[in-house]
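Please work through the exercises below with the structure in view. Attempt each task before reading its solution.

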Amino acid sequence: MNQATPAIVAERGAQRLPRLALLLFCAAYVIPGVFGRDPWRNADLTAYGFMAKIAAGLSPWHHPELGGITTDGGLLPYWVGALFIKLLPFLDPALAARIPFALILVGVIALVWYSSFHFARTEAAQPVAFAFGGEAQAVDYARALADGALLALVASLGLLLLGHETTPELLQLLGMTLFVYGMAAAPFRALKARLALLLALPILAASAAPAVALMLGMGGALICWRSAYEPVRASMLWVVAATALSALLAWGLGSWAWRLQALPGADFPLRVGTLLLWFAWPVWPLALWTLWRWRAYLQRRHVSVPLLAVMVSLLSCLAMGGSDRALMLGLPALAVLASFALPTFSRSMSAMLDWFSMFFFSAIALFIWLYYLSMQTGWPAQPLANVRNLAKGFEPSFHPLALLFAVLGTAAWLGLLRWRTARHRHALWKSMVLPSGGVALAWLLAMTLWLPVLDYARSHRPLVERLARVMPADTTCLATPGQALSLVAALEVQGHWKVDALHSAADTSCRLLLVQSDDANASAPAPGWQLLATVKRPTDRNLSYRLYQRETR
């Protein structure tokens, strides 16, 4: 079997990435963005709103709501965030809720490493044995591939923002990665693998992804049944049990909500194609290369298991109208697949990826530094003018600690460039160093040098503060019919107002009404309401919020 594998790896190619460097690299990727910011608009702020209301006792644990609108299932993520808010009362609630999700991201990264490691140890994944020796040893080869898988995951552009949010999709991502790990570790760590499988699918079901759990369970059971490894075949019962448990759990929590979209429009293929191109870069070309070079091994677990996870994620993405959050669930499996492309990579392909990453991410870093210099010194003038035009009312501030981390990160990037270009490197993971390092650098610089302006632009707090200045002091209730749940969450947990998002302007009992409008001459939404004020978010040019007060009689 070994003679037929496409992997030809010498002993010097199985070098492992130094552990201290790996830990520092992961810390530079995970920690920025955890501290010093508000929850950002849409899913991040909405999820935090549910968590904060549960923790404050303003919403029941089994039936969380915002403005009277209840969640459609998947309660586990909200329970996790609310629990940490209660356990860490000395921290800002938004920070306390964010901590477990940062730890979940760490867990996903670690599970990808171990999944690739165990897959690479199987007989079908081993490199060719040389006639006179000198090939990579099994464990060293597996470690090198696992390092490459970790770097490939970090390099994935789609994980950058969504992976640092406080949303149910992070727990779904953990469940998906636990499933891949359980299938990978079954021949080597039977107990851990079975526990992982038993947890993975229920976590998905309890995080509003029961259909994903069901598809994974059926596919995983088939792979186990066809496996040549007795411990893997024995795991089939555990996969079936986990599938049944996830179905019961989803039914009990009321999370069997099929989020299928209406028939897609004519632009659907272009939108999805564009999403696939950038969202899964650079792992999708490497994964396709793996499928081609290892095409004789499609039924082997190191290919079939991650391929199953990718296909389930892709089908979910298509069924949900091109959802990037559904597509994110396939990134860990894509990273595992991509790692098996590294032993078959040609030097020219590796060099092309290196040069692209070097110029692309160096240009991004220069761009970020240029805007930061302009915001702090006023030179050059145009970037600062652009910022003030896009984020009206924003005033730059100086944070020495953020500057220090940005300088250290930039110096590390320059050192990485020098290391990679100084001489030919033999380690399997060498092609992933610059793409992953560039992504980590861009995120670090954005979350240090640009964090104040990004927080100002992406948070609802500036809007809440503007509303507070025009709201009557005796406000007890604010109606927001038809408004986004993220705005409702901001009004309730940041503005501390009671919000009615359930009833229309004609039916609400609230004395104040907030509606969204892009027409400055819009009339009252219903008889009996008088315009009190018009408020805009600092980053919205045309969109405004009109505050109405019920006319007294």
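The exercises that follow concern a predicted model.

**Exercise 1. Two packed helices**

Task: Describe how helix H14 and helix H16 are arranged, and state which residues form their contact.

Solution:

Step 1. Two packed helices are described by the angle between their axes and the distance between the axes.

Step 2. Helix H14 covers residues 301-319 and helix H16 covers residues 331-339; their axes come within 8 Å and cross at roughly 150°. Angles over 145 degrees count as roughly antiparallel, so H14 is roughly antiparallel to H16.

Step 3. The crossing in which H14 passes H16 is left-handed.

Step 4. H14 contributes His 302, Val 303, Pro 306, Leu 307, Ala 309 and Val 310 to the contact, while H16 contributes Ala 333, Leu 334, Val 336 and Leu 337. Sorted by character, the residues of this contact comprise nine nonpolar, one polar and no charged.

**Exercise 2. Aromatic pairs**

Task: Classify the pair of Phe 50 and Tyr 78 and the pair of Trp 281 and Trp 284 by the angle between their planes.

Solution:

Step 1. In the whole structure, a search finds 17 aromatic pairs.

Step 2. For Phe 50 and Tyr 78, the distance is 5.0 Å centre to centre and the angle between the planes is 45°, and the pair is tilted. Phe 50 belongs to helix H2 (residues 43-55) and Tyr 78 to helix H3 (residues 76-87), so this pair ties together parts that are 28 residues apart in sequence. Both Phe 50 and Tyr 78 are buried.

Step 3. The ring centres of Trp 281 and Trp 284 are 6.5 Å apart, and their planes stand at 65°. Planes over 60 degrees apart count as edge-to-face, and therefore this pair of Trp 281 and Trp 284 is edge-to-face.

Step 4. Trp 281 has a relative accessible area of 29% and is partly exposed; Trp 284, with 27%, is also partly exposed. One aromatic cluster is formed by Trp 281, Trp 284, Phe 356, Phe 360 and Phe 361.

**Exercise 3. The surroundings of a serine**

Task: Is Ser 544 buried or exposed, and which residues does Ser 544 touch?

Solution:

Step 1. Ser 544 is located in strand S7, which covers residues 544-550.

Step 2. Buried means under 20% relative accessible area. The relative accessibility of Ser 544 is 5%, so Ser 544 counts as buried.

Step 3. Leaving aside residues up to four places away in sequence, Ser 544 touches Val 515, Gln 516, Ser 517, Thr 534, Val 535 and Lys 536.

Terms used. Residues numbered from 1 in each chain as written. Predicted model: local features only at pLDDT ≥ 70, side-chain atom pairs only at ≥ 80, totals over all residues. Heavy atoms only, no water. Axes fitted to C-alpha atoms, helices over the stretch in contact; angles between N-to-C directions. Helix = DSSP H or I, 4+ residues; strand = E, 2+ residues; numbered from the N terminus. Parallel < 35°, antiparallel > 145°, perpendicular 65-115°, else oblique. Left-handed = near helix turned anticlockwise from the far one by under 90°. Contact = heavy atoms within 4.5 Å. Nonpolar A, V, L, I, M, F, W, Y, C, P; charged D, E, K, R; others polar. Phe/Tyr/Trp six-rings, centres within 6.5 Å; stacked < 30°, edge-to-face > 60°. Buried < 20%, exposed > 50% of the residue type's maximum accessible area, 1.4 Å probe, protein only.
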